[in-house]
Amino acid sequence: MLDYPNEVSTVLFVGTCNLRCRFCQNLPLLSMKDLDFKNNIIPKLISRKQMIDHIIISGGECLFDPKIKDYVTYLNDKGFKVGIHTNGMNFDILKNIIDDIRFVGMDIKTTYEKYKSKKISKNINEIMNIEKSISLILSKNVKYDFRTTLYPDYVNLKDLKQIAILLKLGGVKEYNLQKYIPIRENEINYSNEDINNFKNELDNIIKTNIRGLI
Ligand code: SF4
């Protein structure tokens with residue numbers, strides 16, 4: 001996952017999320033108690049400020065943390081440059097903070113149909129917010145990174161093409177594919193050859209990059 005393009009960043013994880021993706025590597029975080037942001041996290045960040053270009057607020061899903069606006073405001077006030085990682089499903093909050101952040105890394109898990117059929121989300125409004133969030137991000141002076149993790153149960157080539165077309169129509173310049181790192185034994189995964197084939201096909205729609213091949 002790209003934290004912030006070409007710069008050193010510190011990533012803060014929050015423990016809220018509206019989804020429960022089967023490939024989630026952060027599930028233990030989602031049951032953690034809130035960290036003491038003002039009294040614990042901020043002083044540590046300030047003591048290392050010389051070494052930090054940016055702070056990325058990640059998750060979980062940070063736009064569902066009721067204190068996200070406070071975090072962004074507080075970090076900006078302390079002179080940090082702030083970015084977020086999001087699934088793009090809380091449009092109203094994104095709209096509320098987007099002028100105060102410099103980077104949005106947005107994960108698109110799969111197609112609208114599969115968000116429902118794979119039981120990633122039942123909330124139609126949140127699913128429809130994905131497209132609104134893409135448009136909002138593109139309308140603002142903010143760096144962005146749209147990406148999909150290649151979890152075989154959630155995306156195949158047909159799905160990836162559908163996402164690529166959605167991004168292309170929205171005006172996105174590049175799409176990023178991330179190889180899935182299995183979290184269970186004997187999981188089926190896409191091979192490097194599969195992923196290169198996906199890239200070649202998707203390049204016909206939108207410039208596509210691959211991350212995480214080894
Ligand atoms: S959106 Fe991210 S944090 Fe939430 S369940 Fe999915 S992978 Fe995990």
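The following exchange concerns a predicted model and the grounds on which its residues and elements are described.

Visitor: Why is leucine 213 called exposed?

Guide: A residue counts as exposed if 12 or fewer other C-beta atoms lie within 10 Å of its own. Leucine 213 has 12 such atoms within 10 Å, and it is therefore exposed. Its place is in the segment after strand 7 (207–211). Leaving aside residues up to four places away in sequence, leucine 213 touches Lys179, Asn192 and Ile195.

Visitor: What makes lysine 119 exposed, and where does it lie?

Guide: Lysine 119 has 11 other C-beta atoms within 10 Å; the limit is 12 or fewer, so lysine 119 is exposed. Its place is in the loop between helix 4 (112–117) and helix 5. Phi of lysine 119 is near 60°, a positive value in a residue other than glycine.

Visitor: How do you know that asparagine 186 counts as exposed?

Guide: Asparagine 186 has 5 C-beta neighbours inside 10 Å. Set against the limit of 12 or fewer, that number means that asparagine 186 is exposed. Asparagine 186 lies in the loop between strand 6 (174–179) and helix 7 (192–202), and, although not a glycine, it has a positive phi of about 60°.

Visitor: How does the span of helix 5 stand against the expected value?

Guide: Helix 5 (residues 124–138) has 15 residues. The expected span is 1.5 Å times one less than that number, which gives 21 Å. From first C-alpha to last, helix 5 reaches 22 Å, close to expectation. There is nevertheless a kink of about 30° in helix 5, centred on isoleucine 130.

Visitor: Which residues of helix 5 are buried, and what do they pack against?

Guide: Asn129, Ile130, Ser133, Ile134 and Ile137 are buried. They pack against helix 3 (91–97), strand 4 (103–107), strand 5 (143–150) and helix 6 (157–170). In an α-helix there are 3.6 residues a turn, so residues three or four places apart point the same way.

Visitor: Why are four residues of the shell around the ligand classed as nonpolar?

Guide: The ligand is surrounded by Cys17, Leu19, Arg20, Cys21, Cys24, Asn26, Gly59, Gly60, Glu61 and Asn87. Cys and Leu count as nonpolar, so Cys17, Leu19, Cys21 and Cys24 fall in that class. The shell also has four polar and two charged residues. Within it, glycine 59 and glycine 60 are joined by a cis peptide bond, with omega about 5°.

Methods: Residues are numbered from 1 along each chain as its sequence is written. This is a predicted model: local features need pLDDT of at least 70, side-chain atom pairs count only at pLDDT 80 or more; totals for chains, interfaces and linings use all residues. Helices (H or I, at least four residues) and strands (E, at least two) are DSSP runs, numbered from the N terminus. The bend at a residue is the angle between axes fitted to the seven residues ending there and the seven starting there. A residue is buried if 20 or more other C-beta atoms lie within 10 Å of its own, exposed if 12 or fewer, and partly exposed in between; C-beta atoms are placed from the backbone. Two residues are in contact if their C-beta atoms, placed from the backbone, lie within 7 Å. A residue is near a molecule or strand if its C-beta atom, placed from the backbone, lies within 6 Å of it.
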